[in-house]
Amino acid sequence: MAIVATVPTAHASRYLQQLCKHWGHKFETAFDAEEGWIGFPMGPILLKADAEALTVRLEPKADADVDRFKQVVAEHLDRFAFREAPLPFDWAEG
């Protein structure tokens with residue numbers, strides 16, 4: 001079961017790259033200006049940026065605490081987006 005949020009922001013590419021660089025010190029990552037992937041311990045995180053939004057897709061492992069997973073990702077993105085935080089995360093199964 002994947003969980004997806006489309007977060008409206010004009011700075012999606014910047015936040016995608018910041019998050020991947022930040023977690024790249026601890027976890028395997030791959031990213032460019034439009035897409036990113038993070039091998040997070042709770043499950044992979046897939047990111048897509050366009051001019052209007054950042055799409056965040058979490059693919060939690062069976063034993064993952066899904067609420068904590070969402071919280072950790074949202075808190076980190078809000079730190080990078082401090083000028084417009086808190087960002088609206090409308091999580092849905094996807």
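Which residue forms a salt bridge with Arg57, and how far apart are the closest N and O atoms? The partner is Glu59, with the closest N and O atoms 2.9 Å apart. Keep in mind as we go that this is a predicted model. Both ends of the pair can be found at the surface: Arg57 is partly exposed, with a relative accessible area of 29%, and Glu59 is partly exposed with a relative accessible area of 29%.

Let's stay with charge pairs for a moment. Side chains of opposite charge can pair when their charged atoms come close. A search of the whole structure finds 3 salt bridges. Another of them joins Lys48 and Glu35, where the closest N and O atoms are 4.0 Å apart. Lys48 sits in strand β4 and Glu35 in strand β3 (residues 35-38), so this contact ties together parts that are 13 residues apart in sequence. Glu35 itself is partly exposed, because its relative accessibility is 44%, a value that lies between the cut-offs of 20% for buried and 50% for exposed.

Turn now to helix α2, where the side chains of Asp67 and Lys70 meet in a salt bridge (3.7 Å, N to O). Here both partners belong to the helix, 3 residues apart, which is about one turn. Asp67 counts as exposed, because its relative accessible area is 54% and the cut-off for exposed is over 50%.

Not every charge in the model is paired in this way. On the surface, a patch of negative charge brings together Asp32, Glu34, Asp50 and Glu52. To find one of these, look at the loop between β4 (45-49) and β5 (53-58), where Asp50 lies. Asp50 is partly exposed, with a relative accessible area of 47%.

From the surface, let's move inside. The largest nonpolar core has 24 residues, and those touching the most other members are Ile45, Leu47, Leu54, Val56 and Leu77. Which elements give two or more residues to this core? They are β1 (3-8), α1 (12-23), β4, β5 and α2 (66-80). Helix α1 gives the most, with 6 residues.

Helix α1 is also a good place to pick up a residue with some surface of its own. Gln17 lies in this helix and counts as partly exposed at 23% relative accessibility. If you trace from Gln17 to Ala49, you cover 32 residues in sequence, while their C-alpha atoms are 9.6 Å apart in space.

Is Gly43 buried or exposed? Gly43 counts as buried, because its relative accessibility is 0%, and the cut-off for buried is under 20%. You will find Gly43 in the loop between β3 and β4. Its C-alpha atom is separated by 13 Å from that of Val4, which is 39 residues away along the chain.

One last stop is a detail of the backbone. In the loop between α2 and β6 (92-93) you will come to Pro86. The peptide bond that leads from Ala85 to Pro86 is cis, with omega near 0°.

Technical notes:
Residues numbered from 1 in each chain as written. Predicted model: local features only at pLDDT ≥ 70, side-chain atom pairs only at ≥ 80, totals over all residues. Heavy atoms only, no water. Patch = residues over 30% accessible without salt bridge, like charges linked within 9 Å, V, L, I, M, F, W, Y side chains within 5 Å. Areas by Shrake-Rupley, 256 points an atom, 1.4 Å probe, with all protein chains shown as cover. Lys, Arg positive; Asp, Glu negative; His and termini not counted. Charge placed at Lys NZ, Arg CZ, Asp CG, Glu CD. Helix = DSSP H or I, 4+ residues; strand = E, 2+ residues; numbered from the N terminus. Buried < 20%, exposed > 50% of the residue type's maximum accessible area, 1.4 Å probe, protein only. Core = buried A, V, L, I, M, F, W, Y, C linked by side-chain atoms within 4.5 Å.
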